[in-house]
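Here are a few exercises to try with the model open in your viewer. Have a go at each task before you read the solution under it.

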Amino acid sequence: MKKQNLVVIGNGMAGARAVEEILARGGGEIFQISMFGDEPYGNYNRILLSNVLNGSQEESEIFLNPLDWYRDNNITLHAGVRAETILRKSKVVLADDGTGEPYDKLIIATGSSSFIPPIEGLYASDGSYKEGLFVFRSIDDCREIAAYAQDRGRAVVIGGGLLGLEAARGLQKFGLEVEVVQRVGHLMNQQLDPQAGAILKSTIEKMGIRVHVNANATRALGTERVEGLVFEDGRTLSCDLVVVAAGIRPNIEIAKRSGLAVERAIVVDNQLRSISDPNIYVVGECAQHRGAVYGLVAPLWEQARVLADHITGANPNAAYHGSKVATKLKVMGVEMAAMGVSEPQDERDEIVQFTEPRKGTYKKLIIRDGRLIGAILLGDISKAAYLTQAFDREAALPEDRLALLFDLGTPSKQVTVEEMPPDMQICNCNGVSKGALVASVKSGKKSPRAVMETTRAGMGCGSCRKLVTEVVEWACGGQVEEDPSIHYYVPGVPLTKPELIKACKEQNLKSVSQVFRALAGGKEDPASKPGLASLLATIWADEYQPESDARFINERIHANIQKDATFSVVPRMPGGVTNPEQLRRIADVAEKYKVPMVKLTGGQRIDLLGIRKEDLPNVWRDLDMPSGHAYGKTYRTCKSCVGTEFCRFGLGDSTSLAIRIEDLLKGLDSPHKMKMATAGCPRNCSEALVKDFGVVAVEGGKWEIYIGGAAGSHVRKGDLLCTVASENDVLKYLSRFVQYYRENGKYLERAYGFVERMGIEKIRAIVVNDEEGIGERLENDLARCSAAYRDPWKNLLNAPGPNRFNSLLTVIQ
Amino acid sequence: MREITIAPLSAIPAGEGRNFEIAGRKLAIFHTRAGAVFATGAECPHRKGPLADGLVGGSVVICPLHNWKFDLASGKPLLGDCPIETYPARLNEKQQIVVSLP
């Protein structure tokens, strides 16, 4: 097939990134690509220009795509050539050097230019800028400023935003006296509120840079050469050099000339296409989507991915829904993070704030309905990673608001990611060091998931994943790629859990293979299979169509695989109660099958370890007890103390309650394993406060219900859900909570993570107060799944499937 | 190369694997849901996990012990740092699995 012509106007970060994404989707086979770039270079990281100016990086270090890259990818680059017009009827782009490039698809990525405020006297008699006046936008600007700054006295930077402050810092390195003038009342008004701006001002002034706020420059002094500035209030400032860094304006002239719809920038639809022409895509700072124009790099990456998905047909349904903007910056050595709004929007919004002006520390959170809608961190940004995530995912915040601002109760000073030595082990399960994570990022892996998959960090118990994510974000220098699959229920089907449940119900999908066919284009992802099987069992109960290949080996064979490929067998022992007859049978089995180890489990049962696959059916027959489900992502066990029958302290019959709980939940699939406990008194011998679900008997015939506790790879005390007056009420709220978790928990999300994510108030509102009116429905759905329970050992003995228990077969011939 | 007829396709449920002893070697044979068959060494190079007990999807298997992941056709590791051996496998006209050994 003949390739289509793809022309890209603009060779900055957006244009080049869009092309990279297109190539990554096989776009090199679909398109013959040519690009126009104003500047005579490859593509470089504009964000790092201030480092070039202040001398901390070489020009060569900030290039993203050198000229070789274009040649290697068969891209025609018109470097230093400006595209002038788009002839949309004949589909040709005309450039200032006479070049005409015909296109089938066009991408506009013209970015923006420096905004020049209306100041009198900026221009010399020949119409060019006066000598000594510069903008700060490109490598060439950097070079010119550096050349001019030698041996000058005083420089003024117009603009107290990020770029202006960076420019000021850079100029200081040349030995100049530097002053910053900001038109409005505080610095970095895009990101900071007045209070934070004032703190930043004093921090910066300590570094020897003077800051003037409410300083509106109206006139530049000097005839051919700039000699000073005059302000609205009559003040004058003499200087030898002026750098204008007063914001940016999208480059939209070519779009206007070509008749595309333009407001503040070029108006695009959800596929990043101009609303005036479906063959023209727009990406980056020159695009206006749902009224928003983004000037930061993260939204641009998101746009580039959607554009590439759509233009290559890799995902014809790809859509951009706008970006939530969160930034982490280092301005003149001062660390800051800002996200969302900087002021409360109405009376619902709650402000949590901390100020320590002398140290230059300021923290402010804006919270609505228990969720973060904005934050400013200045000076100390140790909580930035956590808050950014909470902001991005709209996660419920912990009740203890102080914990949002500080790491409380940590034994020693938190070592920042930056300070960690490269050989420090981050993942203790798979032995992955910080250095190995950084190397993986350097080799091109730009998302936490990609790094985890290549290094195996975080793939063991998972407790280090947050830290791994922080290291990756740090190593990416803010250019971390958002991985959309973190929002999916399983990575192999691009739907969130509610969407997936809806689709399965609407399309009547009852088996895992049907789901892959209907919702994943027939592409099977092995790692996604068990999560889907669990969900379908939750949705369909007895109508679920099981497929053994969709299950992890433990749940195919209903035993727990061991390191030597033998299995462990745990019979059901509700409430941890057994009797001599059972013990005798277990002992007989252990002898008969030469079981290498008999051990008590943490969940009050007996484990027979080291059983050969071939022996499993006979072991089960001889035991004549049902499976204890000690192997699945299911309800596991309900540990209990002896309760009231013998214990002299017992207030409630924890043992019989544990047996009732086990009877209700046995074998139930859930997002992760569920471990429970019942305690007969507040002494809590069965450790009910650190279980996914725990109940504690208290005086007066009452039970306290705790959810979201943990004491494994993660330790957390459960939250008190409610106190009830009967065992029946315990079972009622247990049913509702478990079913709600089964329906809304992400796969492999433990109940403690789920409770933290949703927030205990929300869960209480649904489970106890029944504010959504679904309480009874949840109980019924759980009861239906409970009724569908069959002992899996009996099932397997009746219908094992071909060669289920053979660990080695012989051939026909 | 010599070809050995291993078993009828029905000996392995779709989407799963089984181990076979073939001429003194232990091989894992897989039958994917798409109807393809693959033959590989039986053990994961990492800690000798039984690959035949792994999850299979498309032409990928995940070792049940520590989630190393391999492409069944090429043997290349997709997660992990060491490949597995692969052997050409096909179905004959009687729907039997045939494996070629060197």
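**Exercise 1: A hairpin in chain B**

In the hairpin of β2(B) and β3(B), two residues lie between the strands, and A23(B) takes a positive phi near 45 degrees. Keep in mind as you go that this is a predicted model.

*Task.* Work out how many bridges join β2(B) to β3(B), and whether the two run parallel or antiparallel.

*Solution.*
- Start with the ranges: β3 of chain B covers residues 25-31, while β2 of chain B covers residues 16-22.
- Now count the links: seven bridges join β2(B) to β3(B), and the strands run antiparallel.
- For one pair to click on, take F20(B), which stands opposite L27(B) in β3(B).

**Exercise 2: Another partner for β2(B)**

*Task.* Which strand of chain A is joined to β2(B) by two bridges? Then decide how β2(B) sits in the structure: enclosed or not?

*Solution.*
- Go to residues 809-810 of chain A: this is strand β42, and two bridges join it to β2(B).
- Check the direction: β42(A) and β2(B) run parallel.
- Pick out a pair: the bridge partner of T810(A) in β2(B) is E21(B).
- Finally, look at burial, where the cut-off is under 20% relative accessible area. Six of the seven residues of β2(B) are buried, so the strand is largely enclosed by the rest of the structure.

**Exercise 3: An open sheet in chain A**

*Task.* Find the order of the five strands in the open parallel sheet of chain A, and say which strands stand at its edges.

*Solution.*
- Walk across the sheet: the order in chain A is β11-β18-β12-β13-β14, with parallel pairing.
- Look at the two ends: β11 (133-135) and β14 (210-212) of chain A each have a single partner strand, so one side of each is left without a neighbour in the sheet.
- Check the twist: ignoring direction, neighbouring strands of this sheet are turned by 20 degrees against each other on average.
- Zoom in on one pairing: β13 of chain A (residues 177-181) is joined to β14(A) by three bridges. There, V181(A) stands opposite H212(A).
- Add a helix: α5 of chain A (residues 139-149) lies across β11 and β18 (241-244) of chain A, at about 150 degrees to β11(A).

**Exercise 4: Positive phi outside glycine**

*Task.* For A541(A) and N67(B), find the loop that holds each residue. Is A541(A) buried or exposed, and what does N67(B) count as?

*Solution.*
- A541(A) isn't a glycine, yet has a positive phi of about 50 degrees. It is found in the loop between α17 (529-540) and α18 (553-557) of chain A.
- With a relative accessible area of 10%, A541(A) is buried.
- N67(B) has a phi near 65 degrees, again positive in a residue other than glycine. Its place is the loop between β6 (60-62) and β7 (69-71) of chain B.
- N67(B) counts as partly exposed, at 35% relative accessibility.

**Exercise 5: Chain A as a whole**

*Task.* What share of the 813 residues of chain A counts as buried, and how many helices and strands are there in chain A?

*Solution.*
- Chain A has 26 helices and 42 strands.
- Of its 813 residues, 51% count as buried.
- For overall dimensions, the C-alpha atoms of chain A fill a box of roughly 105 × 70 × 50 Å along the principal axes.
- On the outside, chain A exposes about 35400 Å², with carbon and sulfur atoms supplying 49% of that area.

Technical notes:
Residues numbered from 1 in each chain as written. Chains lettered and ligands numbered in written order. Predicted model: local features only at pLDDT ≥ 70, side-chain atom pairs only at ≥ 80, totals over all residues. Heavy atoms only, no water. Pairing = 2+ DSSP bridges. Helix = DSSP H or I, 4+ residues; strand = E, 2+ residues; numbered from the N terminus. Axes fitted to C-alpha atoms, helices over the stretch in contact; angles between N-to-C directions. Contact = heavy atoms within 4.5 Å. Buried < 20%, exposed > 50% of the residue type's maximum accessible area, 1.4 Å probe, protein only. Areas by Shrake-Rupley, 256 points an atom, 1.4 Å probe, with all protein chains shown as cover.
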